[in-house]
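Here is an informal tour of one protein chain, written for someone who likes to think in atoms and distances. Have a look at the model first, then read on.

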Amino acid sequence: MQLSILSLRCNAFSGGIPAQLSNLSSLHVLDLAGNRLTGSIPPALGDLKGMVQEQNINHDLFHNYNEVYYYQERLDVSTKSLILRYTTTLSLVVSIDLSNNKFSGDFPKELTNLHGLVILNLSRNCITGSIPENISRLRQLSSLDLSNNRLSGVLPQAMSSLMFLGYLNLSNNNFSGMIPFTGQMTTLDGAVFHGNPGLCGAPLVIKCVSENSGRQNNNDGKDEDDNGFFDEWLYLSVGLGFAVGILGPLFVLMLKRSWSEAYFNFVDEIVYSLGLERRRKSWGRRNHG
């Protein structure tokens with residue numbers, strides 16, 4: 001019989017994970033949580049054939065028709081910060097739990113080859129590096145816990161395309177940049193990203209610099225548009241006022257001939273009076289001389 005479940009959690013195992021573990025072609029549950037395992041997670045785990053495709057349903061029952069009893073498989077799986085017990089649906093569980101060990105090294109990108117993976121828990125280790133962009137290949141992933149590690153970098157936009165992701169915990173790492181708060185990510189709250197001072201954007205209250213700059217640029221552009229609009233109207237108003245002030249009276253005088261004659265006679269009298277007064281002053285200075 002081929003091994004399909006390997007659960008050795010909460011023992012005192014030390015050392016590293018042997019790469020030969022990838023030869024277990026039927027393995028679809030690997031639980032080594034709560035030990036003292038060290039070293040990097042072997043890339044060979046990405047070759048576990050039993051996790052590449054979603055498992056078919058079976059009842060996991062071993063009947064003995066000569067006896068009145070039967071054996072039923074049962075497994076407790078840690079996911080979503082809970083311990084869930086699987087029995088008849090155990091064949092649907094495709095899980096890797098390496099949490100609460102002392103693993104180091106970069107995030108194993110080869111794990112994204114396991115397209116049937118439903119649960120991945122690497123929390124409480126010393127894993128570094130970043131989340132690979134092709135994590136979107138884990139289309140069946142419903143629970144991802146990478147909390148309490150030393151992961152860094154920008155969260156890949158592709159995470160928002162994990163349509164079955166119901167639980168995510170990235171807290172207490174060194175992630176930075178804007179959270180890709182679209183798609184499936186909009187169903188999550190800020191606690192998911194707690195303990196990452198470099199993260200910003202929704203659902204956190206911390207706004208990104210690019211967001212603030214964008215708003216400031218929009219406001220500056222709006223102010224410039226408003227100022228330009230005001231200047232145009234000011235110049236137009238002055239021009240219209242000048243035109244009305246000059247052309248208005250002329251237009252009225254053209255329509256009323258009597259007013260026109262009276263107006264020009266009045267202007268002539270003022271000009272004549274000013275000229276006469278000027279001549280008198282000139283004669284007076286000559287006589288005194």
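## Salt bridges around one arginine

The side chains of D97 and R9 come together in a salt bridge, with 2.9 Å from N to O. Bear in mind that this is a predicted model. The partners sit far apart along the chain: D97 belongs to strand β9, while R9 is in the loop between β1 and β2, and 88 residues separate them.

How many salt bridges does the structure hold? The count is two, and the other one also involves R9, whose side chain meets that of D31 at 2.7 Å, N to O. This pair too links distant parts of the chain, with D31 in strand β3 (residues 29-31) and R9 in the loop between β1 (5-7) and β2 (14-15), 22 residues apart. Put together, R9, D31 and D97 make up a network of salt bridges. As background, side chains of opposite charge can pair when their charged atoms come close.

Are the two aspartates buried or exposed? D31 has a relative accessible area of 5%, so it counts as buried. D97 is buried as well, because its value is 2%, under the 20% cut-off. R9 comes out at 26% relative accessibility, and therefore counts as partly exposed.

## A serine in a loop

Moving on from D97, S99 lies in the loop between β9 (95-97) and β10 (102-104). At 6% relative accessible area, S99 is buried. What does S99 touch, leaving aside its neighbours within four places in sequence? The contacts are A33, G34, N121, L122, S123 and N125.

## The cysteines

There is one disulfide in the model. C200 and C208 form it, and their sulfur atoms are 2.0 Å apart. The link of C200 and C208 is right-handed, with 100° about the S-S bond. Here is how four cysteines compare in accessibility:

| Cysteine | Relative accessible area | Class |
|---|---|---|
| C10 | 56% | exposed |
| C126 | 27% | partly exposed |
| C200 | 11% | buried |
| C208 | 2% | buried |

So both ends of the disulfide, C200 at 11% and C208 at 2%, count as buried. C10, on the other hand, is exposed because its 56% is over the 50% cut-off.

## A small parallel sheet

Next, the strands. Three of them form an open sheet, in the order β13-β15-β16, and the pairing is parallel. At the edges are β13 (152-154) and β16 (198-200), each of which pairs on one side only. Neighbouring strands in this sheet are turned by 25° against each other on average, direction ignored.

Where β13 meets strand β15 (residues 174-178), the two pair in the parallel sense over three bridges. Which residue of β15 is the bridge partner of G153? That would be F175. In general, strands of a sheet pair through backbone hydrogen bonds, either parallel or antiparallel.

## How far to trust it

Finally, a word on confidence. The protein has a mean pLDDT of 77, and 59% of its residues reach 70 or more. Residues 56-72 have pLDDT below 50; beyond near neighbours in sequence, this stretch has 24 contacts in the model.

How values were computed: Residues numbered from 1 in each chain as written. Predicted model: local features only at pLDDT ≥ 70, side-chain atom pairs only at ≥ 80, totals over all residues. Heavy atoms only, no water. Pairing = 2+ DSSP bridges. Helix = DSSP H or I, 4+ residues; strand = E, 2+ residues; numbered from the N terminus. Axes fitted to C-alpha atoms, helices over the stretch in contact; angles between N-to-C directions. Buried < 20%, exposed > 50% of the residue type's maximum accessible area, 1.4 Å probe, protein only. Contact = heavy atoms within 4.5 Å. Salt bridge = Lys/Arg side-chain N within 4 Å of Asp/Glu carboxyl O. pLDDT = per-residue confidence, 0-100. Disulfide = S-S within 2.5 Å.
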